[in-house]
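Work through the exercises below with the model open beside you. Try each task before reading its solution.

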Amino acid sequence: MNIFLDIETLPAQSKAVRDEFIANVKPPATHKKPETIAAWLEENRETEGDAAWRKTSFDGAQGHVCVIGWAIDDEPAQELHISGVQDMAQEILLLAAFSSEIDKVCQSRRNERPRFIGHNLIEFDLRFLFQRSVVLQVKPSKEIPFSCKPWDDSVYDTMQKWGARVGGSLDKISKACGLKGKGDIDGSMVADYVRDGRIVEVAEYCKDDINMTRALYKRMTFQ
C-alpha cells in the first residue's frame, strides 16, 4: 500500500519570536562606521529579520504544521488543515486526526505493509511531523516511519532517489520529465496565504503536490 504524503508549514506565529529575529539583525562586517551601520539597519532591519523569521517554517521547534495531505495508492488526494493562524491550537487536533486516519487505513488493510512516498520526505515532512508531535505531546501513529533510512522499504523519497539535494525541487524534476509543474502558489507563499485567510487554497496546493509526487513516483519507478 502506497501512502503519498506532503505537508505545508508556517513560521513561528509568536510575535515575540519575529520581533527577536528583527532585533538581532546584524549589519555586514564590511560596515565599520556607526553612521553607516545605523543607515544600513534603518533600511534593512525589517526585511532581513522577516526573512530569517520565515525560515522557522523549516524548523519543527518553532514552526507549525498548517496542512497535511495524503493519498492512498491511486485514490484521490485528501487533506486536513487548520482554519487560520488565529488559532494555532488546532495544530494539535490536526496531528491527532492525521494519525487516526493512518491507523484507520492500515487497520483496514492489515495484510499490506504501508510505504510512505514524498519529495524530501525523510529530511523534511517526516522530521517536521515528528518534531511537532514531540513539542505538542501528540502521540503519532506507530505506522509512520519516523526512524526510516533512505534505503528502507517503508519509504520512497523522490528527492533522495533523484539524487539532487541542490536544484532538486519537485517542480523542476517534474517539468524535466514532461509532467505538470506547480501552479500559482509555491511554498514561499504559504505563510502569506494563510495570514490572508486563504488556507483553503493552500490545502488545494498541498493536494496538487501530492498528485505531482505520485506522477513523478510512477515515472521514476517506470510504471
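The exercises cover the sheet, the helices on it, and two pockets.

This is a predicted model, in which local features need pLDDT of at least 70, side-chain atom pairs count only at pLDDT 80 or more, and totals for chains, interfaces and linings use all residues. Residues are numbered from 1 along each chain as its sequence is written, and side-chain values use heavy atoms, with hydrogens and water left out.

**Exercise 1. Find the order of the strands in the sheet.**

Step 1. Take strands as DSSP runs of E with at least two residues, and helices as runs of H or I with at least four, numbered from the N terminus.
Step 2. Pair two strands if DSSP finds at least two bridges between them.
Step 3. Read off the order: β3-β2-β1-β4-β5, an open sheet of five strands with mixed pairing.
Step 4. Mark the edges. They are β3 (78-81) and β5 (155-157), and each pairs on one side only.
Step 5. Add the twist. It averages 25° from one strand to the next. Axes are lines fitted to C-alpha atoms, for helices over the stretch in contact, and angles run from 0 to 180 degrees between N-to-C directions.

**Exercise 2. Describe how β2 joins β3, then place the helices α3 and α4.**

Step 1. Strand β2 (residues 64-72) runs antiparallel to β3, and four bridges join them.
Step 2. Pick one bridge: Trp70 has Gln78 in β3 as its partner.
Step 3. Place α3 (residues 90-108). This helix packs on the sheet and touches β1, β2, β3 and β4 (115-118). Contact means heavy atoms within 4.5 Å. The direction of α3 makes about 15° with that of β2.
Step 4. Place α4. This helix touches β1, β2, β4 and β5, and its direction makes about 65° with that of β1.

**Exercise 3. Which residues lie nearest the centre of the largest pocket, and which element gives the most to its lining?**

Step 1. Define the space. On a 1 Å grid over the protein atoms alone, a pocket is an open set of points where a 1.4 Å probe fits, with protein on both sides within 12 Å along at least five of seven lines; lining residues have an atom within 4 Å of a point.
Step 2. The largest pocket has 25 lining residues, and Glu8, Phe58, Phe124, Gly187 and Tyr205 lie nearest its centre.
Step 3. β1 gives the most, with four residues.

**Exercise 4. Which residues lie nearest the centre of the second largest pocket?**

Step 1. Its lining has 13 residues.
Step 2. Nearest the centre are Gln13, Arg18, Trp53, Ala191 and Arg195.
Step 3. α1 (15-23), α2 (34-54) and α7 each supply at least two lining residues.
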